[in-house]
Amino acid sequence: MSGPRKILLLPGDGIGAEVSNQVELVMDWLAKNLGFSYDVKTEDIGGASYDKYGTPLTDEVLNDALESDAILFGAVGGPRWDEVERELRPEAGLLRLRKELDLFANLRPAIVFESLAEASSLKKELISGLNIMIVRELTSGCYFGEPRGIDVMPDGTRRGFDTEVYTETEITRVGKVAFELARKRQRKVHSVEKANVMESGVFWREIMTSLQNEEGQDIELQHMYADNCAMQLVREPKQFDVIVTNNLFGDLLSDCAAMLTGSLGMLPSASLGEIDKDKKRRALYEPVHGSAPDIAGKDIANPIAMLLSLAMMLRYSFAEEKNAMLIESSIKNVLSGGYRTKDISQPGMEIVSTKKMGNLVIQELDKLI
Ligand code: NAD
């Protein structure tokens with residue numbers, strides 16, 4: 001990729017803006033010290049956009065998103081917009097962005113920082129050194145399938161229904177992302193469905209098996225039922241490397257895996273689209289947490305999930321593995337130095353503000369280069 005990278009920064013609402021500020025400081029540091037060349041454009045999304053323009057995502061911002069090399073997204077939403085109609089709610093802006101960019105692969109790493117291992121609800125030996133990548137299909141399945149609705153049956157009683165549907169193309173493309181990721185890791189993929197009770201699960205298994213036969217001979221592929229996967233995640237999580245699954249199971253399993261690692265404030269994510277003819281892949285990076293209205297504006301939010309999302313952007317959009325690792329190591333060092341934001345506080349540790357946490361990460365970056 002030549003020339004400065006075009007990054008669209010969408011801080012959003014609540015703590016989105018506070019954690020995005022810390023990311024901007026780290027990007028400035030990367031530019032100053034390591035020559036990371038980028039053009040960053042900051043725009044409104046979610047409630048902030050609704051308040052100014054009457055819509056959670058303007059066409060201009062959508063165009064900027066389509067033209068950018070990568071998007072960094074904070075969080076949207078809050079009680080202030082609870083009464084707004086559903087299509088104009090802050091969350092609708094994010095959903096439209098994901099849909100228009102066709103961001104079908106949601107990557108949710110669950111990585112345990114050694115100094116936080118005690119904070120997990122599982123025993124330390126079970127999660128120490130844990131590093132799982134969950135790939136959730138994000139744009140299809142029963143959250144989007146038709147028909148869906150609530151209607152009245154001939155006998156006068158009502159019913160609610162959704163449709164779980166996956167095409168061969170949709171399974172293949174997310175399966176390929178899982179294989180690609182596994183190649184840079186331990187080459188192990190668990191494909192998760194419910195082939196024992198669902199036709200779509202039988203089909204998912206068949207397509208994943210063909211994909212492995214055709215282009216994944218170097219990958220160890222195992223099929224697992226979703227209920228067993230949930231159980232295995234809390235029984236012996238280190239057996240997993242990459243897990244690939246549909247939208248619904250991915251929603252549940254990624255939250256479960258994530259919480260093995262501690263707080264919401266520590267969890268980054270990436271949502272990736274297809275690679276186009278110019279070898280460019282649309283991508284949006286965001287913390288897993290929301291806008292946390294209960295702590296917004298207090299300078300106490302944990303910016304680490306957002307900083308780790310920046311590291312993911314460097315790794316997956318720009319192949320800047322070294323710089324991604326530099327940010328991750330700095331965070332690791334700050335945590336082992338005994339500093340914590342309130343959400344991950346432990347006895348004997350110093351509690352620091354959002355801004356201070358950002359500064360500490362930059363100080364560590366200075367030490368590491
Ligand atoms: P939330 O993630 O905003 O907050 C849940 C709890 O975790 C809160 O107690 C919060 O204080 C805490 N928390 C979250 N992030 C933190 C951080 N970085 N540091 C310290 N503590 C943190 O979820 P919620 O309360 O269910 O939702 C609040 C709003 O955010 C809602 O409007 C919801 O729709 C929206 N939301 C947006 C996204 C998104 O933008 N991707 C995701 C989830 C929720």
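These legends describe close-up views of the ligand site and the cysteines in a predicted model.

Local features need pLDDT of at least 70, side-chain atom pairs count only at pLDDT 80 or more, and totals for chains, interfaces and linings use all residues. Residues are numbered from 1 along each chain as its sequence is written, and side-chain values use heavy atoms, without hydrogens and water.

**View 1. The shell around the ligand.** The ligand has 21 residues around it, each with a heavy atom within 4 Å of it. Glu91, Gly290, Ala292, Asp294 and Asn302 come nearest. By type, the shell holds 10 nonpolar, 7 polar and 4 charged residues; Gly counts as polar, and Asp, Glu, Lys and Arg count as charged. Strand 3 (70–75) and helix 4 (90–100) each supply at least two shell residues.

**View 2. Polar contacts of the ligand.** A polar contact here is a pair of N or O atoms within 3.5 Å. The side chain of His289 places an N or O atom 3.3 Å from a ligand nitrogen. For the side chain of Asp294, the partner is a ligand oxygen, at 2.9 Å. Asn302 uses a polar backbone atom, 2.9 Å from a ligand nitrogen. Taken alone, the ligand exposes 800 Å², and the protein buries 68% of that (Shrake-Rupley method, 1.4 Å probe).

**View 3. Cysteines without disulfides.** The whole structure has 0 disulfides, meaning pairs of cysteine sulfur atoms within 2.5 Å. Cys142 cannot bond to Cys229, because this closest cysteine sulfur is 17 Å away. Cys229 is in no disulfide either, and its nearest cysteine sulfur, in Cys256, is 8.2 Å away. Cys142 is buried, at 13% relative accessibility (buried means under 20%, 1.4 Å probe, protein chains only). Cys229 is also buried, at 0%.

Notes
Polar contact = N/O pair within 3.5 Å; in protein donor to acceptor, adjacent residues only side chain to side chain. Helix = DSSP H or I, 4+ residues; strand = E, 2+ residues; numbered from the N terminus. Buried < 20%, exposed > 50% of the residue type's maximum accessible area, 1.4 Å probe, protein only.
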